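Trainee: I would like to learn how to read a structure like this one. Could we go through it feature by feature?

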Amino acid sequence: MTSNRWSTVRIIIGGSVIALTAVVFGVINWDIPYWFIHVVSVLFVFPAAILYERKIYMSIVLVFIVTHLAVDLYTSGRSFLLGSDAVQWLSIIAAGEVIYQISTQRRRADLLSRRRIQELEVIAIENDRLYKEVQQLAYTDVLTGINNRRRISELLDDEYRRAIRYQRPLSIMFMDIDHFKKINDSYGHAAGDEVLRWFANQCSVIIRQKLDLLGRFGGDEFAVIYPEADLASALGAAERLRSQIIGHPIQYNDTELQITFSAGIASLPLDEEIGLDQLVERADKALYCAKEKRNCMAYWDEKTAMPQRKP
(Lines give C-alpha, C1' and ligand atoms only; values in the text may rest on other atoms or scores of the structure.)
Protein backbone atom coordinates (compact mmCIF):
# COMPACT_ATOMS: atom_id res chain seq x y z
CA MET A 1 0.00 0.00 0.00
CA THR A 2 1.34 3.38 -0.96
CA SER A 3 1.75 6.15 1.59
CA ASN A 4 -1.08 8.20 0.02
CA ARG A 5 -3.53 5.31 0.16
CA TRP A 6 -2.50 4.45 3.69
CA SER A 7 -3.14 8.04 4.74
CA THR A 8 -6.59 7.89 3.13
CA VAL A 9 -7.39 4.59 4.89
CA ARG A 10 -6.36 6.06 8.23
CA ILE A 11 -8.66 9.04 7.62
CA ILE A 12 -11.53 6.68 6.78
CA ILE A 13 -10.96 4.56 9.90
CA GLY A 14 -10.54 7.55 12.17
CA GLY A 15 -13.54 9.33 10.67
CA SER A 16 -15.73 6.26 11.00
CA VAL A 17 -14.84 5.88 14.70
CA ILE A 18 -15.57 9.55 15.40
CA ALA A 19 -18.83 9.48 13.40
CA LEU A 20 -19.95 6.23 15.03
CA THR A 21 -19.29 7.64 18.49
CA ALA A 22 -21.31 10.75 17.68
CA VAL A 23 -24.24 8.76 16.26
CA VAL A 24 -24.32 6.38 19.22
CA PHE A 25 -24.33 9.32 21.56
CA GLY A 26 -27.22 10.80 19.62
CA VAL A 27 -29.19 7.54 19.57
CA ILE A 28 -28.82 7.07 23.33
CA ASN A 29 -29.36 10.64 24.44
CA TRP A 30 -31.43 12.33 21.73
CA ASP A 31 -33.45 9.43 20.33
CA ILE A 32 -31.87 9.70 16.86
CA PRO A 33 -33.31 6.92 14.64
CA TYR A 34 -31.27 3.75 14.25
CA TRP A 35 -31.26 4.06 10.46
CA PHE A 36 -28.89 7.01 10.91
CA ILE A 37 -26.22 4.46 11.87
CA HIS A 38 -26.69 2.84 8.44
CA VAL A 39 -26.39 6.17 6.65
CA VAL A 40 -23.20 7.09 8.49
CA SER A 41 -21.68 3.65 7.89
CA VAL A 42 -22.22 3.99 4.14
CA LEU A 43 -20.15 7.18 4.13
CA PHE A 44 -17.10 5.16 5.20
CA VAL A 45 -17.79 1.64 3.91
CA PHE A 46 -18.15 2.58 0.25
CA PRO A 47 -14.99 4.74 0.05
CA ALA A 48 -13.03 1.89 1.67
CA ALA A 49 -14.46 -0.50 -0.91
CA ILE A 50 -13.52 1.89 -3.73
CA LEU A 51 -9.95 1.86 -2.40
CA TYR A 52 -9.92 -1.95 -2.90
CA GLU A 53 -9.53 -2.55 0.86
CA ARG A 54 -11.93 -5.38 1.61
CA LYS A 55 -10.60 -5.96 5.13
CA ILE A 56 -11.03 -2.29 5.97
CA TYR A 57 -14.61 -1.90 4.79
CA MET A 58 -15.66 -5.25 6.27
CA SER A 59 -14.11 -4.26 9.58
CA ILE A 60 -15.99 -0.96 9.55
CA VAL A 61 -19.26 -2.76 8.82
CA LEU A 62 -18.68 -5.24 11.63
CA VAL A 63 -17.82 -2.45 14.06
CA PHE A 64 -21.04 -0.64 13.15
CA ILE A 65 -23.08 -3.87 13.48
CA VAL A 66 -21.57 -4.73 16.84
CA THR A 67 -22.15 -1.17 18.00
CA HIS A 68 -25.74 -1.39 16.78
CA LEU A 69 -26.27 -4.57 18.82
CA ALA A 70 -24.59 -2.99 21.84
CA VAL A 71 -26.87 0.03 21.62
CA ASP A 72 -29.87 -2.30 21.28
CA LEU A 73 -28.84 -4.10 24.46
CA TYR A 74 -28.11 -0.88 26.28
CA THR A 75 -31.42 0.71 25.35
CA SER A 76 -33.38 -2.56 25.57
CA GLY A 77 -34.34 -2.02 21.94
CA ARG A 78 -35.08 -4.77 19.42
CA SER A 79 -34.43 -2.96 16.10
CA PHE A 80 -31.70 -5.34 15.04
CA LEU A 81 -33.46 -8.49 16.24
CA LEU A 82 -36.64 -7.59 14.40
CA GLY A 83 -34.85 -8.28 11.13
CA SER A 84 -35.35 -5.08 9.14
CA ASP A 85 -32.09 -3.55 10.32
CA ALA A 86 -30.29 -6.85 9.82
CA VAL A 87 -31.44 -6.86 6.19
CA GLN A 88 -30.18 -3.31 5.76
CA TRP A 89 -26.78 -4.31 7.09
CA LEU A 90 -26.68 -7.25 4.71
CA SER A 91 -27.59 -4.86 1.89
CA ILE A 92 -24.74 -2.53 2.86
CA ILE A 93 -22.30 -5.47 2.95
CA ALA A 94 -23.52 -6.68 -0.45
CA ALA A 95 -23.29 -3.19 -1.94
CA GLY A 96 -19.80 -2.77 -0.52
CA GLU A 97 -18.75 -6.08 -2.08
CA VAL A 98 -20.16 -5.05 -5.46
CA ILE A 99 -18.29 -1.76 -5.30
CA TYR A 100 -15.15 -3.60 -4.23
CA GLN A 101 -15.37 -6.05 -7.14
CA ILE A 102 -16.02 -3.29 -9.68
CA SER A 103 -13.13 -1.23 -8.31
CA THR A 104 -10.87 -4.27 -8.29
CA GLN A 105 -11.69 -5.12 -11.89
CA ARG A 106 -11.09 -1.53 -12.90
CA ARG A 107 -7.78 -1.48 -11.04
CA ARG A 108 -6.73 -4.72 -12.78
CA ALA A 109 -7.75 -3.28 -16.12
CA ASP A 110 -5.75 -0.11 -15.42
CA LEU A 111 -2.77 -2.19 -14.32
CA LEU A 112 -2.93 -4.33 -17.45
CA SER A 113 -3.29 -1.19 -19.54
CA ARG A 114 -0.23 0.39 -17.93
CA ARG A 115 1.76 -2.81 -18.38
CA ARG A 116 0.69 -3.00 -22.02
CA ILE A 117 1.68 0.64 -22.53
CA GLN A 118 5.07 -0.08 -20.92
CA GLU A 119 5.51 -3.15 -23.13
CA LEU A 120 4.64 -1.09 -26.21
CA GLU A 121 7.09 1.59 -25.13
CA VAL A 122 9.82 -1.04 -24.75
CA ILE A 123 8.91 -2.48 -28.16
CA ALA A 124 8.93 1.00 -29.70
CA ILE A 125 12.36 1.75 -28.21
CA GLU A 126 13.70 -1.58 -29.44
CA ASN A 127 12.18 -1.04 -32.89
CA ASP A 128 13.73 2.42 -33.04
CA ARG A 129 17.12 0.94 -32.09
CA LEU A 130 16.79 -1.81 -34.71
CA TYR A 131 15.66 0.73 -37.31
CA LYS A 132 18.71 2.87 -36.64
CA GLU A 133 20.96 -0.19 -36.85
CA VAL A 134 19.38 -1.29 -40.12
CA GLN A 135 19.58 2.25 -41.45
CA GLN A 136 23.23 2.42 -40.42
CA LEU A 137 23.89 -0.87 -42.19
CA ALA A 138 22.01 0.33 -45.26
CA TYR A 139 24.12 3.51 -45.39
CA THR A 140 27.50 2.10 -44.39
CA ASP A 141 30.07 0.37 -46.54
CA VAL A 142 30.68 -2.94 -44.78
CA LEU A 143 34.36 -3.20 -45.63
CA THR A 144 35.56 0.32 -44.84
CA GLY A 145 32.91 1.59 -42.39
CA ILE A 146 32.38 4.84 -44.33
CA ASN A 147 29.35 5.96 -46.34
CA ASN A 148 28.38 3.64 -49.15
CA ARG A 149 27.41 4.70 -52.67
CA ARG A 150 23.74 5.09 -51.82
CA ARG A 151 24.41 7.29 -48.81
CA ILE A 152 27.09 9.46 -50.40
CA SER A 153 24.78 10.02 -53.38
CA GLU A 154 21.98 11.15 -51.05
CA LEU A 155 24.36 13.45 -49.18
CA LEU A 156 25.63 14.90 -52.45
CA ASP A 157 22.06 15.61 -53.54
CA ASP A 158 21.34 17.34 -50.20
CA GLU A 159 24.49 19.45 -50.37
CA TYR A 160 23.85 20.37 -54.00
CA ARG A 161 20.32 21.58 -53.16
CA ARG A 162 21.64 23.59 -50.21
CA ALA A 163 24.43 25.14 -52.26
CA ILE A 164 22.05 26.15 -55.06
CA ARG A 165 19.45 27.53 -52.66
CA TYR A 166 21.83 29.64 -50.61
CA GLN A 167 24.35 30.35 -53.39
CA ARG A 168 27.19 28.66 -51.52
CA PRO A 169 30.31 26.98 -52.98
CA LEU A 170 30.44 23.21 -53.36
CA SER A 171 33.09 20.87 -54.72
CA ILE A 172 33.34 17.12 -55.21
CA MET A 173 36.29 14.85 -55.77
CA PHE A 174 36.31 11.35 -57.23
CA MET A 175 39.32 9.12 -56.50
CA ASP A 176 40.68 5.86 -57.83
CA ILE A 177 43.52 3.93 -56.17
CA ASP A 178 46.26 3.48 -58.75
CA HIS A 179 47.07 -0.07 -59.87
CA PHE A 180 44.64 -1.60 -57.41
CA LYS A 181 44.08 -4.65 -59.59
CA LYS A 182 47.82 -5.29 -59.54
CA ILE A 183 47.75 -5.29 -55.72
CA ASN A 184 44.97 -7.88 -55.74
CA ASP A 185 46.78 -10.01 -58.31
CA SER A 186 50.15 -9.79 -56.55
CA TYR A 187 49.19 -10.04 -52.87
CA GLY A 188 45.67 -11.43 -52.89
CA HIS A 189 42.24 -10.02 -52.18
CA ALA A 190 42.92 -9.89 -48.45
CA ALA A 191 45.68 -7.39 -49.16
CA GLY A 192 43.33 -5.46 -51.44
CA ASP A 193 40.71 -5.28 -48.68
CA GLU A 194 43.34 -4.09 -46.23
CA VAL A 195 44.42 -1.36 -48.66
CA LEU A 196 40.81 -0.20 -49.05
CA ARG A 197 40.33 -0.02 -45.29
CA TRP A 198 43.63 1.80 -44.87
CA PHE A 199 42.82 4.26 -47.65
CA ALA A 200 39.41 5.06 -46.14
CA ASN A 201 41.02 5.59 -42.74
CA GLN A 202 43.66 7.94 -44.16
CA CYS A 203 40.97 9.95 -45.92
CA SER A 204 38.91 10.13 -42.73
CA VAL A 205 41.90 11.50 -40.85
CA ILE A 206 42.65 14.34 -43.26
CA ILE A 207 39.19 15.62 -44.24
CA ARG A 208 37.41 18.32 -42.25
CA GLN A 209 35.51 16.53 -39.53
CA LYS A 210 31.73 17.13 -39.39
CA LEU A 211 31.89 19.07 -42.65
CA ASP A 212 33.48 17.09 -45.48
CA LEU A 213 31.71 13.88 -46.49
CA LEU A 214 33.54 10.73 -47.48
CA GLY A 215 32.11 7.68 -49.23
CA ARG A 216 33.02 4.62 -51.25
CA PHE A 217 31.41 4.26 -54.64
CA GLY A 218 32.50 0.65 -55.03
CA GLY A 219 35.67 -1.23 -55.83
CA ASP A 220 38.60 1.17 -55.45
CA GLU A 221 36.50 4.27 -56.19
CA PHE A 222 35.98 6.86 -53.45
CA ALA A 223 34.35 10.27 -53.30
CA VAL A 224 34.70 13.32 -51.08
CA ILE A 225 32.12 16.09 -50.91
CA TYR A 226 33.53 19.48 -49.95
CA PRO A 227 30.71 21.77 -48.76
CA GLU A 228 31.58 25.45 -48.51
CA ALA A 229 34.69 24.90 -50.65
CA ASP A 230 35.43 26.47 -54.03
CA LEU A 231 37.80 24.94 -56.56
CA ALA A 232 40.95 26.40 -55.00
CA SER A 233 40.01 25.15 -51.53
CA ALA A 234 39.12 21.71 -52.87
CA LEU A 235 42.44 21.47 -54.72
CA GLY A 236 44.28 22.41 -51.54
CA ALA A 237 42.37 19.79 -49.54
CA ALA A 238 43.06 17.18 -52.21
CA GLU A 239 46.77 18.00 -52.15
CA ARG A 240 46.86 17.54 -48.37
CA LEU A 241 45.16 14.19 -48.78
CA ARG A 242 47.65 13.20 -51.48
CA SER A 243 50.56 14.10 -49.18
CA GLN A 244 48.97 12.06 -46.37
CA ILE A 245 48.64 9.00 -48.58
CA ILE A 246 52.14 9.22 -50.03
CA GLY A 247 53.72 9.99 -46.67
CA HIS A 248 52.25 6.95 -44.90
CA PRO A 249 52.92 3.73 -46.82
CA ILE A 250 50.87 0.74 -45.71
CA GLN A 251 52.53 -2.24 -44.08
CA TYR A 252 51.01 -5.53 -45.16
CA ASN A 253 52.65 -8.56 -43.53
CA ASP A 254 56.35 -7.90 -44.17
CA THR A 255 55.79 -5.81 -47.29
CA GLU A 256 55.60 -2.04 -47.52
CA LEU A 257 53.10 -0.91 -50.14
CA GLN A 258 53.32 2.59 -51.54
CA ILE A 259 49.83 3.65 -52.49
CA THR A 260 48.95 6.48 -54.84
CA PHE A 261 45.66 7.63 -56.27
CA SER A 262 44.22 9.65 -59.10
CA ALA A 263 41.57 12.28 -58.43
CA GLY A 264 39.14 14.39 -60.41
CA ILE A 265 37.63 17.55 -58.93
CA ALA A 266 34.74 19.73 -60.04
CA SER A 267 33.10 22.75 -58.41
CA LEU A 268 29.84 24.57 -58.88
CA PRO A 269 30.50 27.55 -61.14
CA LEU A 270 29.81 30.98 -59.73
CA ASP A 271 28.41 32.53 -62.93
CA GLU A 272 25.97 29.83 -63.99
CA GLU A 273 23.72 27.17 -62.52
CA ILE A 274 24.36 23.61 -63.60
CA GLY A 275 22.53 20.42 -62.68
CA LEU A 276 23.89 17.85 -60.28
CA ASP A 277 24.35 15.39 -63.14
CA GLN A 278 26.55 17.92 -64.92
CA LEU A 279 28.64 18.47 -61.81
CA VAL A 280 29.15 14.72 -61.38
CA GLU A 281 29.96 14.33 -65.08
CA ARG A 282 32.63 17.04 -64.88
CA ALA A 283 34.25 15.42 -61.84
CA ASP A 284 34.13 12.05 -63.62
CA LYS A 285 35.80 13.48 -66.72
CA ALA A 286 38.47 15.10 -64.57
CA LEU A 287 39.11 11.74 -62.89
CA TYR A 288 39.44 10.06 -66.28
CA CYS A 289 41.97 12.74 -67.28
CA ALA A 290 43.99 12.11 -64.10
CA LYS A 291 43.93 8.32 -64.58
CA GLU A 292 45.57 8.68 -67.95
CA LYS A 293 48.72 9.78 -66.12
CA ARG A 294 48.02 8.34 -62.59
CA ASN A 295 49.28 9.63 -59.27
CA CYS A 296 47.96 13.08 -60.07
CA MET A 297 44.91 15.29 -59.80
CA ALA A 298 42.80 16.93 -62.47
CA TYR A 299 40.03 19.47 -62.25
CA TRP A 300 37.32 20.85 -64.48
CA ASP A 301 38.45 24.17 -65.91
CA GLU A 302 35.56 26.57 -66.48
CA LYS A 303 37.53 28.72 -68.92
CA THR A 304 38.40 25.93 -71.31
CA ALA A 305 35.36 23.78 -70.44
CA MET A 306 37.76 20.84 -70.25
CA PRO A 307 39.52 18.88 -67.52
CA GLN A 308 43.05 20.05 -66.70
CA ARG A 309 45.75 18.21 -64.76
CA LYS A 310 47.13 20.00 -61.75
CA PRO A 311 50.87 20.63 -62.16
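Trainee: Are Phe-174 and Phe-217 buried or exposed?

Mentor: Bear in mind that this is a predicted model. A residue counts as buried when its relative accessible area is under 20%. Phe-174 and Phe-217 are both buried.

Trainee: What is the geometry between the rings of Phe-174 and Phe-217?

Mentor: Planes under 30 degrees apart count as stacked, those over 60 as edge-to-face, and the rest as tilted. The structure holds three aromatic pairs. In the one formed by Phe-174 and Phe-217, the centres are 5.3 Å apart and the planes make 45°, a tilted arrangement. Phe-174 belongs to strand S1 (residues 170-177) and Phe-217 to strand S2 (residues 213-218), so many places along the chain separate them: they are 43 residues apart, and the pair links distant parts of the chain.

Trainee: How are the rings of Phe-199 and Phe-222 placed?

Mentor: Their centres lie 4.9 Å apart with the planes at 50°, so this pair is tilted. Phe-199 sits in helix H7 (residues 189-206) and Phe-222 in strand S3 (residues 221-227); with 23 residues from one to the other, distant parts of the chain are linked. Phe-199 counts as buried because its relative accessibility is 0%. Phe-222 is buried too, at 1% relative accessibility. Ring pairs also bring in Phe-261, making a cluster of Phe-199, Phe-222 and Phe-261.

Trainee: Which charged residues lie over ring faces?

Mentor: Look for an arginine above the flat side of a ring. Arg-149 lies over the face of Phe-217, 4.7 Å from the ring centre. Arg-151 is placed over the face of Tyr-139, at 4.6 Å from the ring centre.

Trainee: In what order do the strands of the six-stranded sheet come?

Mentor: In a regular strand, side chains alternate between the two faces of the sheet. Here the sheet is open, and its order is S2-S3-S1-S6-S7-S8 with mixed pairing. S2 and strand S8 (306-309) are the edge strands, each pairing on one side only. From one strand to the next, the twist averages 25°.

Trainee: How many bridges join S1 to strand S6, and how do the two run?

Mentor: Seven bridges join S1 to strand S6 (residues 261-267), and the two run antiparallel. To follow one of them, start at Asp-176: its bridge partner in S6 is Ser-262.

Trainee: What do S7 and S8 form?

Mentor: S7 and S8 form a hairpin with four residues between them. Four bridges join these antiparallel strands, and Asp-301 has Met-306 in S8 as its bridge partner. In the turn, Ala-305 has a positive phi of about 55°.

Trainee: Which helices lie against the strands?

Mentor: To read such packing, ask which strands a helix touches and what angle it makes with one of them. Helix H5 (residues 149-166) lies across S1, S2 and S3, at about 135° to S2. Helix H9 (residues 276-291) packs on the sheet and touches S1, S6, strand S7 (297-301) and S8; its direction makes about 150° with that of S6.

Trainee: Which residues does Gln-202 contact beyond its neighbours in sequence?

Mentor: Neighbours within four places in sequence are set aside here, which leaves Leu-241, Gln-244, Ile-245 and His-248 as contacts of Gln-202. Gln-202 is in helix H7, and it counts as buried because its relative accessibility is 9%.

Trainee: Where are His-179 and Arg-294 found?

Mentor: His-179 is in the loop between S1 and helix H6 (180-187), while Arg-294 is in the loop between H9 and S7. Their backbone angles deserve a look. His-179 is not a glycine, yet its phi is positive, at about 55°. Arg-294 also has a positive phi, near 70°, and is a residue other than glycine. As for exposure, His-179 is partly exposed, with a relative accessible area of 47%. Arg-294 is partly exposed at 32%.

Trainee: How many helices and strands does the protein have?

Mentor: Its secondary structure comes to nine helices and eight strands. Of the 311 residues, 40% are buried. Among contacts between residues at least 6 apart in sequence, 64% join residues at least 24 apart. The accessible surface is about 18200 Å², with 57% of it belonging to carbon and sulfur atoms.

Conventions
Residues are numbered from 1 along each chain as its sequence is written. This is a predicted model: local features need pLDDT of at least 70, side-chain atom pairs count only at pLDDT 80 or more; totals for chains, interfaces and linings use all residues. Side-chain values use heavy atoms; hydrogens and water are left out. Rings of Phe, Tyr and Trp (its six-membered ring) pair if their centres lie within 6.5 Å; planes under 30 degrees apart count as stacked, over 60 as edge-to-face and the rest as tilted. Buried means under 20% relative accessible area, exposed over 50%, partly exposed in between (1.4 Å probe, protein chains only). A charge sits over a ring if NZ of Lys or CZ of Arg is within 6 Å of the ring centre and within 35 degrees of the ring normal. Two strands pair if DSSP finds at least two bridges between them. Axes are lines fitted to C-alpha atoms, for helices over the stretch in contact, and angles run from 0 to 180 degrees between N-to-C directions. Contact means heavy atoms within 4.5 Å. Accessible areas come from the Shrake-Rupley method with a 1.4 Å probe; for residues, only the protein chains shown count as cover.
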